[in-house]
Amino acid sequence: MTKLIIQIPCYNEAETLGTTLSALPREIPGISCVEWLVIDDGSTDKTLAVAKEFGVDRIVRLNHNQGLAKAFMAGIEACLIAGADIIVNTDADNQYCADDIPKLIAPILLGRAEIVIGTRPIYKIKHFSPTKKVLQKLGSWVVRLASNTDIPDAPSGFRAISREAAMQLNVFNEYTYTLETIIQAGQKGIPITAVPIRTNKYLRPSRLVKNIPTYIQRSLFTILRIFMTYQPLKFFTILGSIPFSLGTLLGIRWLIFFLDGTTRTRIPSLILAAILIITGVQLWLFGLVADLLAVNRKVLEEIQLRLRRADIEGSREKES
């Protein structure tokens, strides 16, 4: 028995949710049971009524709008409790082609991956501006570096997640889950891959990307935060190397002038060099301390995983 739950985070999606649901499959080869789950993130329109009208199997209601990341994780928890073996996440604006779901879950069914990301044809999407297309590619490249993965379309929300991988995911960012979960999977060694998918007709503007500068800023902070969390030693080593290298160069410059017998003392340059070198060494020490603390984080994550499994199994027993 393989159970698939398709989850859709929603916030005031009454106008587009019906179109999205009408395209979702109820039967998929290799899957015994297909269910739909809608996460109502504090909607104030008729999103909930539309979901019920189209026969959604499960609905998770959040009392107030908590953002996409919170809604995504609320859906993941509900899917796990409901006994999902595979979870497919898609958007309520019908951006992704539901006919590609079998292709999306195939690597999981074949045991080749635990997380699969749908890769959109970015340069063929007409409503994406040239700037957005370039930034999408650039952002995905940065995520690949931070996560040590080869995912071409990191911001894509069309993804399939196995039960085991879903239990290990944590989302700290309140803005979006897309970048964080990929970096997290890469750093935790969760097998992750990507498959090409199609997109549908443009129905509404993106609510996540309200303006490009804000999106870049938030995405950059997300990447830096997760990189610091999972690779603290590497992060602070790179960060500390910048002032240390500048300080060393200034020190060598001062030493050359000193050995050359110049009459000028150049004390300000020597002081600046000392400050930069000390700053670099301190950042390296921060990295060592953070790396030691990361051991505790890994232990806590293992404890959390065990507790989550116990809670989910307990909830499933009560539900049955």
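Reader: Which elements each supply at least two residues of the lining of the largest cavity?
Author: The model is predicted: local features need pLDDT of at least 70, side-chain atom pairs count only at pLDDT 80 or more, and totals for chains, interfaces and linings use all residues. Residues are numbered from 1 along each chain as its sequence is written, and side-chain values use heavy atoms without hydrogens or water. At least two lining residues come from each of three elements (DSSP runs numbered from the N terminus; helices, H or I, at least four residues; strands, E, at least two). These elements are β5 (115-119), β6 (159-162) and α7 (178-188).

Reader: How much space lies in the largest cavity?
Author: A cavity is a set of points on a 1 Å grid over the protein atoms alone where a 1.4 Å probe fits but cannot get out, and lining residues have an atom within 4 Å of a point. The structure holds one cavity of 30 Å³ or more. Its lining consists of I115, I117, R159, I161, L169, T181, I182 and I192. The space filled by probe spheres set on the grid points, which are joined across faces, edges and corners, is about 30 Å³.

Reader: Why is β5 described as largely enclosed by the rest of the structure?
Author: I115, I117 and T119 point one way from β5, while V116 and G118 point the other way. Buried means under 20% relative accessible area with a 1.4 Å probe and protein chains only, exposed over 50%, and partly exposed in between. β5 is largely enclosed because, of its five residues, the number that are buried is five.

Reader: Which strand pairs with β5 in the parallel sense?
Author: Two strands pair if DSSP finds at least two bridges between them. β5 and β6 do so in the antiparallel sense over three bridges, with I161 of β6 as the bridge partner of I115. V116 of β5 has T193 as its bridge partner in β7. The parallel pairing, over five bridges, joins β5 to β7 (residues 192-196).

Reader: Which element gives the most to the lining of the second largest pocket?
Author: A pocket is an open set of points with protein on both sides within 12 Å along at least five of seven lines. The second largest pocket has a volume of about 300 Å³ and is lined by 19 residues, with K188, Y230, R297, K298 and E301 nearest its centre. At least two lining residues come from each of α6 (163-168), α7, α9 (232-259) and α10 (267-319). With nine residues, the element that gives the most is α10.

Reader: How far apart are the end C-alpha atoms of residues 271-295?
Author: An unreviewed UniProt entry annotates residues 235-259 and 271-295 as "transmembrane region", and such annotations may be inferred rather than shown by experiment. Residues 235-259 are 100% helix and 0% strand, and their end C-alpha atoms lie 36 Å apart. Residues 271-295 are likewise 100% helix and 0% strand, with the end C-alpha atoms apart by 37 Å.

Reader: What is the angle between the planes of F72 and Y177?
Author: Rings of Phe, Tyr and Trp (its six-membered ring) pair if their centres lie within 6.5 Å; planes under 30 degrees apart count as stacked, over 60 as edge-to-face and the rest as tilted. The count of aromatic pairs comes to five. F72 and Y177 form a stacked pair, 3.9 Å centre to centre, with an angle of 5 degrees.

Reader: Where in the chain do F72 and Y177 lie?
Author: F72 is buried at 0% relative accessibility, and Y177 is buried at 1%. The pair links distant parts of the chain, 105 residues apart: F72 in helix α3 (residues 68-81) and Y177 in the loop between α6 and α7.
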